[in-house]
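The following exercises concern one protein model and are to be worked with the sequence and coordinates at hand. Each task is followed by a solution in steps.

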Amino acid sequence: LGSPASWLVDWFSGGSSAAGAHVNEQSAMRSTTVFRCVSLLSGLVASIPLSVYEKTKGGRSDADDHRLYYLLHDEPNDLMGSYTWRQLIAVDLLLGGNHYSLIERDNANRVIGFLPLPRINVEPLRENGQTVYRVQTEGGNSIKVPSWDMIHIPGLGFDGIKGVSPISFVGKQSIGLELTMLEA
């Protein structure tokens, strides 16, 4: 890969802007504007508590005794708290247009956690009228995960299945100009 084809470079790097800078989700975060917007918006979204509710005669109330309450409100997995998970969801949507979390289950098929997956490793597909997700594993293999074992939050998109990256779709040129000016 001493001189890869331009389509391969574009696929991995997000492509060149008219100003010449390569713009992808990681390089866009070097823009102070992008970084501040993503930081502010993701922090605001993460600060909204995520709860489980039950219907009551007076409307609704927290169902803090429900099994999923702790996972959503406090700790969705053993790696992070709920605030960090919600912030990651917002960052994924703001930069890449999609968020994916694997639903972890115990041997009795009870939900025990939500493990976020890197967007680049997940591809939603339609097979036999069902949505499945092809997930690239660390070993380079891929597995198919059924929709009932995946939380997929798509952003704005065109096909109803997958959101588009705001960075690649809308922001590439202006972010590329800013990054080029920073490097000059």
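**Exercise 1. A first aromatic pair**

Is Phe114 buried or exposed, and what is its relative accessible area? Characterise the ring pair to which Phe114 belongs.

Solution. The model is a predicted one.

Step 1. Phe114 has a relative accessible area of 6%. The cut-off for a buried residue is under 20%, so Phe114 is buried.

Step 2. The structure holds two aromatic pairs. In one of them, the ring centres of Trp85 and Phe114 are 5.5 Å apart and the planes meet at 10°. Planes under 30 degrees apart count as stacked, and the pair is therefore stacked.

Step 3. Trp85 belongs to helix 5 (residues 82-96) and Phe114 to strand 4 (residues 111-117); the pair thus links distant parts of the chain, 29 residues apart.

Step 4. The partner ring is treated likewise: Trp85 has 3% relative accessibility and counts as buried.

**Exercise 2. A second aromatic pair and a charge over a ring**

Which geometry, stacked or edge-to-face, does the pair of Tyr100 and Tyr133 adopt? Locate also the charged end of Arg60 with respect to the ring of Tyr53.

Solution. Step 1. A pair of aromatic rings is described by the distance of the centres and the angle of the planes. For Tyr100 and Tyr133 these values are 6.0 Å and 70°. Planes over 60 degrees apart count as edge-to-face, and this is the class of the pair.

Step 2. Tyr100 is part of strand 3 (residues 98-105), while Tyr133 is part of strand 6 (residues 130-136); 33 residues separate them, and the pair links distant parts of the chain. Both tyrosines, Tyr100 and Tyr133, are buried.

Step 3. The charged end of Arg60 sits over the ring of Tyr53, at 4.0 Å from the ring centre.

**Exercise 3. Salt bridges**

How many salt bridges does the structure contain? Examine Glu25 with Arg119, Arg105 with Asp149, and Asp106 with Arg110.

Solution. Step 1. The count comes to six salt bridges.

Step 2. In the bridge between Glu25 and Arg119, the closest N and O atoms are 2.0 Å apart. Glu25 lies in helix 2 (residues 25-28) and Arg119 in the loop between strand 4 and strand 5 (122-127), so this pair ties together parts that are 94 residues apart in sequence.

Step 3. Glu25 counts as buried at 19% relative accessibility, and Arg119 counts as buried at 19%. Glu25, Asp92 and Arg119 are linked in a network of salt bridges.

Step 4. The side chains of Arg105 and Asp149 form a salt bridge with an N to O distance of 2.7 Å. Arg105 is in strand 3 and Asp149 in the loop between strand 7 (142-146) and strand 8 (150-154), so parts 44 residues apart in sequence are tied together. Arg105 is partly exposed, at 29% relative accessible area, whereas Asp149 is buried, at 17%.

Step 5. Asp106 and Arg110 meet in a salt bridge of 2.9 Å, N to O. Asp106 is partly exposed with a relative accessible area of 23%, and Arg110 counts as partly exposed at 43%.

**Exercise 4. A hairpin and a loop glycine**

How many bridges join strand 1 to strand 2? Describe thereafter the surroundings of Gly81.

Solution. Step 1. Strand 1 (residues 53-56) and strand 2 (residues 59-62) run antiparallel and are joined by four bridges. The two strands form a hairpin with two residues between them. Thr56 stands opposite Gly59 in strand 2.

Step 2. Gly81 is located in the loop between helix 4 (67-73) and helix 5. With a relative accessible area of 27%, Gly81 is partly exposed.

Step 3. Leaving aside residues up to four places away in sequence, Gly81 touches Asp74, Glu75 and Pro76. The C-alpha atoms of Gly81 and Leu71 are 8.8 Å apart, with a sequence separation of 10 residues.

**Exercise 5. The chain as a whole**

What is the order of helices and strands along the protein chain? Summarise burial, contacts and surface.

Solution. Step 1. The protein chain has six helices and eight strands. From the N terminus on, their order is α-α-α-β-β-α-α-β-β-β-β-β-β-α.

Step 2. Of the 184 residues in the protein chain, 35% are buried. Among contacts with a separation of 6 or more, 52% are between residues 24 or more positions apart.

Step 3. The accessible surface of the protein chain comes to about 11,500 Å², and 58% of this surface belongs to carbon and sulfur atoms.

Terms used. Residues numbered from 1 in each chain as written. Predicted model: local features only at pLDDT ≥ 70, side-chain atom pairs only at ≥ 80, totals over all residues. Heavy atoms only, no water. Phe/Tyr/Trp six-rings, centres within 6.5 Å; stacked < 30°, edge-to-face > 60°. Buried < 20%, exposed > 50% of the residue type's maximum accessible area, 1.4 Å probe, protein only. Lys NZ or Arg CZ within 6 Å of the ring centre and 35° of its normal. Contact = heavy atoms within 4.5 Å. Areas by Shrake-Rupley, 256 points an atom, 1.4 Å probe, with all protein chains shown as cover. Pairing = 2+ DSSP bridges. Salt bridge = Lys/Arg side-chain N within 4 Å of Asp/Glu carboxyl O.
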